[in-house]
Structure formats: structure tokens, C-alpha cells
Amino acid sequence: GDAAGRLFLPDESSLVRVIDRSSTIITLLAGGGSSTSTAPATSSLLVGVTGVWGDSDLNVFICDGHGQKVYKIDSAGVMSALAGTGVAVSAGDGGPATAASVYAPYYMFADVYGRLLFAELTANKVRKLYEGSPSLPPSLVPTVVPTISLLPTMTPSITPSACPSVMPTAAPSVAPSITPS
């Protein structure tokens, strides 16, 4: 959702719909068109929406994971590419975001300082757009994030071979290990 109380719904047909919670009316926000450049969001072409986030300035950000781009829809409904070239590779940190490639952008989060973070699913990393106000030209700033194993390593406190007549009755409570990249 966003500061206006709208709820965003990406669907399998690469459309993003919005529900106005005060009226419960559902409308098309983005997708369904053929334009891949700056255009009204409802005339835009989205290939596979994998994340949507609204900020406090009523901007909406969209990860197009299959199209290898991150988009911004401003409060007037105009959509423009923020990051990504459409090429499935992760490159271009530190330079203009529109010249950088993003690899399967997935999920996103915008904080109160104007930073937009998104995960690159296939590249196994998190990237950050902006430093400061969202009105500044975007750049991809490298972000060091630890790699977290999806299957944590756990060592049981009692092994069946050490005490064959007693079997543990509960799973061990060992914290998952986190390995920095």
C-alpha cells in the first residue's frame, strides 16, 4: 500500500491493479499496453511483475522481473524506467541506474529517506537505488548485504548414536548460521 491507503495487486497477466480502500474500487494502474518508454502507466508494457511498492509521496515502484527493469509511476500516472536495460545481467553499480542492468528484480522496499531497495533473485543480492531524496537522479549504489543460507546448518544437541536408547523428542533450537558474502 501507500500513504493514501491504496493497495496494489500485481497479477499473472502482467497488470498492476490498485484498490482504493476508501471506496473499494479496483482500477488498472499499469500494464496492458505496448509502450516500453516513458508513457502513461496504463499504456505501458510489463512482462512479469514481481514486486510493487508505494511511497509516502504517492509514487509507485514496480519490479518487472521478466523484463529486467525497475519502474516508477509518479503521482500523475506517468511511468518511467528507473533501472535496467532489459538485459538479464547484474552490472553497473555506482553509475546511472538507467544504464545499469538488473537481473530478475524481485520484491522491493522504499524507506522514509527515499532509498529504494530491491532484490535480484537470480544474482542473489540486494541493490539500492537513490541516496537521499527520490527527486534526485537515480543511481545504483553498491550495498553490502550478507548472504543468508536458505537451509540453515543445524547441529542437534543429542545425536541418536551417542545415546541409542533415547531419541530426541523435539527439534534442536539452534540459531541459523549467517555467512557474510
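This is a short dialogue on reading confidence, strands and one residue in a predicted model.

User: What should I know before I start?

Analyst: Welcome! This is a predicted model, where local features need pLDDT of at least 70, side-chain atom pairs count only at pLDDT 80 or more, and totals for chains, interfaces and linings use all residues. Residues are numbered from 1 along each chain as its sequence is written, and side-chain values use heavy atoms, with hydrogens and water left out.

User: What is the mean pLDDT of the protein chain?

Analyst: pLDDT is the predictor's confidence in each residue, from 0 to 100. Here the chain has a mean of 75, and 71% of its residues reach 70 or more. Strands are DSSP runs of E with at least two residues, numbered from the N terminus. Among the elements, strand S3 (residues 25-30) has the highest mean pLDDT, 94, and strand S12 (residues 140-141) the lowest, 52.

User: Over which residues does pLDDT stay under 50?

Analyst: One such stretch is residues 132-137, with 10 contacts beyond four places in sequence; a contact means heavy atoms within 4.5 Å. Over residues 142-181 the pLDDT is also below 50, and that stretch has 28 contacts in the model beyond near neighbours in sequence. Where pLDDT is low, the predicted coordinates should not be read in detail.

User: How do I read a strand such as S10, and which residues are on its covered face?

Analyst: In a regular strand the side chains alternate between the two faces of the sheet. In S10 (residues 116-120), Leu 116, Phe 118 and Glu 120 make up the covered face, while Leu 117 and Ala 119 are on the uncovered one.

User: Which strands pair with S10?

Analyst: Two strands pair if DSSP finds at least two bridges between them. S9 (residues 105-110) pairs with S10 in the antiparallel sense over five bridges, and S10 pairs with S11 (residues 125-129), again antiparallel, over five bridges. Leu 116 is the bridge partner of Ala 110 and stands opposite Leu 129 in S11. The hairpin of S9 and S10 has five residues between the strands, with Gly 114 in the turn at a positive phi of about 85°.

User: Is Asp 2 buried or exposed?

Analyst: Buried means under 20% relative accessible area, exposed over 50%, and partly exposed in between (1.4 Å probe, protein chains only). Asp 2 has 13%, so Asp 2 is buried.

User: What does the side chain of Asp 2 make a polar contact with?

Analyst: A polar contact is a pair of N or O atoms within 3.5 Å; within protein, one must be able to donate a hydrogen and the other to accept it, and residues adjacent in sequence count only if both atoms are side-chain atoms. The partner is the side chain of Arg 6, at 2.5 Å.

Notes. Helices (H or I, at least four residues) and strands (E, at least two) are DSSP runs, numbered from the N terminus.
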